[in-house]
Protein chains: 2
Amino acid sequence: MASGTKSPADHLRAALDGPWRDVREQARRQLCDERLFGDPYLDYHAARARVLEQMRLVSEFGLAEKGFRLENGGTGEPGAAVTGLEMLAYADLSLWVKCGVQWGLFGGAVENLGTERHRDVVKQLLSLDLLGCFAMTESGHGSDVANLETTATYDPATQEFVVHSPTASARKDYIGGAAEHARVAAVFAQLITGGESRGVHCFLVPIRDDEGHDLPGVTTSDCGLKGGLAGVDNGRISFDQVRIPRENLLNRYADVEPDGTYRSEIENPSRRFFTTLGTLVRGRVSVGGAAAAAARVALSIALRYAEKRRQFRDTESGEEVVLLDYRSHQRRLLPLVARSFALAFAQNDLVRRMHAIQTGQDLDPTAQRALEKRAAGLKAAQTRHATRAIQECREACGGAGYLTENRLVTLKADTDVFTTFEGDNLVLTQLVAKELLTAYADEVRDLDAMGWVRFAATMARDVVRESSGVRQLIQRLRDRSDEGVDDGDLARRSVQLQLFADREDYLVRTAAHRLRARAQETHPFEAFNNAQDHILLAGEAHIERLILEAFIEGIAGIDDPEARELAEWVCDLFVYSTIEANQAWYIMHRFMSVERAKAVRRGVNELVDRLRPHTPTLVEALGVPEAMLHAAMLDDASVHQGE
Amino acid sequence: MASGTKSPADHLRAALDGPWRDVREQARRQLCDERLFGDPYLDYHAARARVLEQMRLVSEFGLAEKGFRLENGGTGEPGAAVTGLEMLAYADLSLWVKCGVQWGLFGGAVENLGTERHRDVVKQLLSLDLLGCFAMTESGHGSDVANLETTATYDPATQEFVVHSPTASARKDYIGGAAEHARVAAVFAQLITGGESRGVHCFLVPIRDDEGHDLPGVTTSDCGLKGGLAGVDNGRISFDQVRIPRENLLNRYADVEPDGTYRSEIENPSRRFFTTLGTLVRGRVSVGGAAAAAARVALSIALRYAEKRRQFRDTESGEEVVLLDYRSHQRRLLPLVARSFALAFAQNDLVRRMHAIQTGQDLDPTAQRALEKRAAGLKAAQTRHATRAIQECREACGGAGYLTENRLVTLKADTDVFTTFEGDNLVLTQLVAKELLTAYADEVRDLDAMGWVRFAATMARDVVRESSGVRQLIQRLRDRSDEGVDDGDLARRSVQLQLFADREDYLVRTAAHRLRARAQETHPFEAFNNAQDHILLAGEAHIERLILEAFIEGIAGIDDPEARELAEWVCDLFVYSTIEANQAWYIMHRFMSVERAKAVRRGVNELVDRLRPHTPTLVEALGVPEAMLHAAMLDDASVHQGE
């Protein structure tokens with residue numbers, strides 16, 4: 001990294017850093033600070049106290065303000081906020097969660113669901129004068145938010161809401177901040193006024209006094225130890241007829257007048273519910289980003305180790321062989337690097353879209369819903385990737401990988417719940433698929449029986465993929481796709497894109513078909529359940545296609561020819577290894593011949609061979625500063641012979 | 001479980017319990033004792049102290065004695081010992097490891113590598129008067145034991161060995177017991193006498209005095225926190241010219257006379273090395289068993305939860321749906337139950353073979369090597385299964401699965417290293433494959449070029465599968481296999497077995513072919529490395545076939561017709577889901593048509609549907625007593641609506 005001339009690694013890192021690369025660079029400097037790292041030797045009470053102190057240090061970075069509007073004391077740069085806070089994942093995931101709860105979930109609820117009258121709350125939570133928590137999930141209902149049991153019943157006599165947990169399962173559960181630090185909760189509850197339930201709304205409910213004691217009617221408790229995230233104080237809250245002022249309803253989309261009259265600009269209760277939840281999309285965007293960041297840390301550690309660690313002698317040369325020279329080691333780690341590249345581009349693209357919508361640059365009425373679908377899908381893809389990649393890195397480092405001093409087990413334990421929180425991955429993938437099926441149904445809803453038959457006969461035609469938000473580059477590649485995929489050159493992006501898109505289209509169409517066929521003869525739940533594995537595949541295929549498109553667009557932004565060529569190879573490896581994972585499907589549905597499938601397998605081997613000498617460049621490009629890796633084995637001469 | 005009449009679950013459990021079911025039943029009673037469970041809230045020093053106390057309680061069960069010969073103070077029932085100690089995994093994996101190190105690894109080394117002169121040591125270690133550790137792995141060499149760096153140089157002047165760590169990487173590392181409790185280490189070191197190195201031998205080296213201080217020349221240190229197993233005190237040991245008496249060499253296979261003359265009944269140094277390691281096979285047998293036991297605990301928890309936990313309403317009935325009624329939930333958990341059944345039978349079969357060899361009932365000279373191969377393969381299969389199954393169980397229980405009080409995260413953290421210790425899974429799978437390739441090469445070694453060509457043309461003929469140890473039942477099924485697999489009824493065991501065997505044969509033959517072709521034109525390491533992924537697949541396919549055979553044999557031992565039918569369905573699910581996982585391979589290598597592959601996928605769905613109502617029976621059959629599950633959510637009404 002000589003000053004002036006940038007290396008290919010620098011160019012690649014800049015590309016992966018995305019639109020807010022300055023924010024990332026600044027965070028890299030700010031976060032190389034021992035005070036911000038996790039200490040796995042602390043017990044969980046001490047860890048929580050430490051993370052709270054760390055959050056106060058982070059509050060001086062000016063990152064949190066970026067996530068709030070000007071009128072609320074922020075700077076109105078949501079993309080920068082999400083990107084900057086994601087970098088905390090390099091230091092410590094408990095810290096990232098703690099900040100995410102305070103500024104992202106709690107702060108985001110007040111900012112997005114509140115109005116002018118809640119402006120002071122935003123100012124206090126920004127400065128950490130007010131610590132809050134986000135009390136949505138209940139013991140009995142997590143994924144199914146619409147059926148939460150907590151009630152908030154309006155009492156016109158005192159102009160108060162009465163917040164109550166009517167059953168044991170209505171208890172708020174797993175709530176970050178609820179065990180120790182939070183003073184106020186943003187509580188999601190069924191609003192009841194005039195004897196009528198109006199669905200889930202959000203209320204600000206004080207839960208602790210200044211000394212940290214539960215307020216009257218509030219009972220908090222501690223979830224205790226978890227798989228990881230020791231620094232986050234997850235807890236439970238039950239309410240026994242707790243009264244709060246009418247004004248504590250976050251009233252952006254609905255309000256209750258002093259006399260108890262319910263008013264909302266959104267007539268349809270279901271639309272109101274989804275609008276309310278939709279404003280919280282930033283949480284999902286953030287979780288996916290942090291998961292991918294944690295995977296980059298793990299891969300950086302495992303690959304640096306694999307470049308140094310030797311085991312077994314090459315009988316001919318007499319030298320012990322470096323782990324990364326083994327084909328099996330290349331095959332287990334390099335495709336994960338390729339996927340990390342792909343996801344980094346996809347995350348940048350997602351944050352860019354989110355930023356455009358939330359700052360009013362994108363006013364397309366369908367954009368918000370498309371964003372939610374994309375965020376849900378990428379959250380699932382990124383957290384699934386993190387779980388798999390970190391596990392693989394742990395195993396690839398053998399016994400050393402199991403020692404806490406080498407950090408991989410902490411990364412694994414801390415990110416393990418990411419596949420669950422902010423939406424269970426399975427539920428989110430289903431949500432993506434349902435959106436696709438709905439779009440599809442909109443197009444063919446009016447077909448009669450004959451129409452359906454004819455439709456089924458024209459399965460090759462593209463009716464599904466939405467065109468909103470597709471850039472010119474991808475459109476041009478798509479337009480070239482009529483060349484005949486099975487003969488086309490698999491190294492060509494247009495052919496690759498077509499293979500991903502064909503899979504998605506086919507799965508969505510046939511899932512719709514199957515649902516419709518079944519729905520006529522059986523109970524709707526049976527029809528759905530019978531096709532559930534099919535539906536999930538459709539959702540996954542859609543997400544994979546979006547990720548590939550983002551990768552292709554990301555490469556287009558790299559000017560340096562050497563860096564660009566390397567990125568092209570990495571993209572090929574992403575494509576080949578993804579197709580390899582799905583090759584049974586491609587063959588069984590006649591999208592790929594057996595010969596081509598074998599070529600794909602050989603292709604993966606050729607690509608890992610080709611990328612092997614460039615691994616140090618790829619690791620540098622992942623962008624995790626060496627000083628932030630904190631893995632003892634990388635510097636310990638004992639584990640590397642011949643040093 | 002009415003007295004007198006046994007339920008299908010009882011019959012299934014008895015079958016899965018295997019030949020030492022009485023030992024298992026007794027352990028179930030003994031282990032339902034709060035004092036033997038782990039306490040995740042202890043810090044690691046306190047956890048280690050607790051586990052040491054727990055080991056003293058276990059020493060009163062009479063289990064450890066079963067693992068030693070009569071003349072050493074044992075009862076000579078190795079199969080019972082391995083089976084009984086495996087049950088500790090239901091209570092706490094740290095306790096299982098601690099006992100395994102003391103009696104299995106350390107005790108096993110003294111018992112199997114020592115002679116009469118070490119008899120007192122066995123008595124002391126049995127009673128826990130002497131705590132030991134097993135110091136094989138070094139910082140620089142784990143998998144590659146033959147190249148350990150520690151030296152033991154004989155000094156005839158004093159009739160002592162001088163044990164020394166010549167380099168930083170010669171440090172013994174990850175050694176259970178070395179951080180705090182062990183007083184003596186069984187140290188693996190290069191024996192040097194008369195200026196000549198004689199390869200790796202094992203020595204008893206005192207490391208601590210009675211107060212626990214390092215002895216002169218010995219430096220121990222602590223590996224500190226790990227991903228799990230907080231109750232095990234893993235540590236490091238370095239030796240600086242430590243002198244031990246000549247008699248501390250464990251001299252069963254080789255000895256050094258007072259004047260320094262080296263003597264061994266086994267002339268070939270390589271054979272001597274593998275004989276030495278071969279006696280330690282019990283460790284691998286035990287690790288596989290404990291991993292599978294941990295997976296059974298996790299599946300018992302996740303399935304019981306899935307029977308009670310509801311989420312999302314069925315719009316028609318208005319009822320919330322139990323998790324296990326979802327197709328996706330059935331598909332993620334039930335095939336893992338099927339594999340748990342398969343592995344339980346395979347483990348019982350493995351322990352039976354080990355017992356027969358170690359008690360002198362099986363004197364076939366090839367049996368020991370076959371046992372080592374089988375133990376290596378099953379260790380890899382079982383630990384891989386545990387890693388995957390426990391992770392899936394955690395995710396299937398959502399946020400509740402992440403709380404330590406529900407145990408899944410502890411099971412995950414504790415078993416995570418099982419894929420690594422007692423032999424890295426990848427290295428072990430490779431070892432299995434190399435054994436297969438060697439057997440193969442023995443048969444075709446003498447073919448000339450024309451012979452190779454002819455051979456390649458007759459790939460359909462079976463030359464690979466060893467016939468040693470195959471029972472009649474399997475042989476009969478194999479003999480029926482010429483019916484034409486692609487037309488045969490996939491529900492028939494003979495056809496299923498043929499599909500597994502075909503895959504193995506084909507992979508082994510083609511791997512051998514590829515290696516031979518490459519070896520002629522390139523560097524041997526290149527030839528090996530280029531085919532490494534292929535070689536690993538061959539090893540895996542072999543193991544899968546052995547597992548299926550064990551399942552089939554296990555079913556044959558079930559008399560109760562209802563239990564037997566259920567077991568047959570579970571076996572079908574094991575077969576179908578295993579084939580589904582490999583369906584691309586089957587299609588690409590023309591062992592299966594696309595239509596049949598689709599039928600397999602439908603078959604998995606039909607089987608999970610069919611097994612769904614029997615899940616409580618299957619869970620009971622897994623044999624983990626409800627009182628040992630220790631998962632708060634199973635009894636917590638808050639997480640189950642409608643209770």
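1. In this predicted model, the stretch of chain A from residue 278 to residue 437 is 73% helix and 4% strand, and the C-alpha atoms at its two ends lie 19 Å apart. The UniProt record, in an unreviewed entry, places the feature "domain: Acyl-CoA oxidase C-alpha1" at these residues, 278-437 of chain A.

2. Chain A also holds an open sheet of three strands, which run in the order E4-E8-E7 with antiparallel pairing. Strand E4 (172-176) and strand E7 (218-222) of chain A stand at the edges with a single partner strand each, and therefore one side of each has no neighbour in the sheet. On average, neighbouring strands of this sheet are turned by 30° against each other, if direction is ignored.

3. For a look at one pairing in detail, E4(A) may be followed along strand E8 (residues 234-239) of chain A, with which E4(A) pairs in the antiparallel sense over three bridges. Within this part of the model, A:Gly176 stands opposite A:Asn234, a residue of E8(A). As a general point, strands of a sheet pair through backbone hydrogen bonds, and they do so in either a parallel or an antiparallel way.

4. How are the two chains related to each other? A turn of 180°, with a shift of 0.0 Å along the axis, lays chain A on chain B with an RMSD of 0.0 Å, and this is the relation of a two-fold axis. The same surface serves both copies, since 100% of the contact residues of chain A recur in chain B. Of the residues of chain A, A:Ala584 comes closest to the rotation axis, with its C-alpha at 2.1 Å.

Key. Residues are numbered from 1 along each chain as its sequence is written. Chains are lettered from A and ligands numbered from 1 in the order in which they are written. This is a predicted model: local features need pLDDT of at least 70, side-chain atom pairs count only at pLDDT 80 or more; totals for chains, interfaces and linings use all residues. Side-chain values use heavy atoms; hydrogens and water are left out. Copies are superposed by least squares on the C-alpha atoms of residues with pLDDT of at least 70 in both. Contact means heavy atoms within 4.5 Å. Two strands pair if DSSP finds at least two bridges between them. Axes are lines fitted to C-alpha atoms, for helices over the stretch in contact, and angles run from 0 to 180 degrees between N-to-C directions. UniProt positions are given in the numbering used here, feature names are shortened, and annotations may be inferred rather than shown by experiment.
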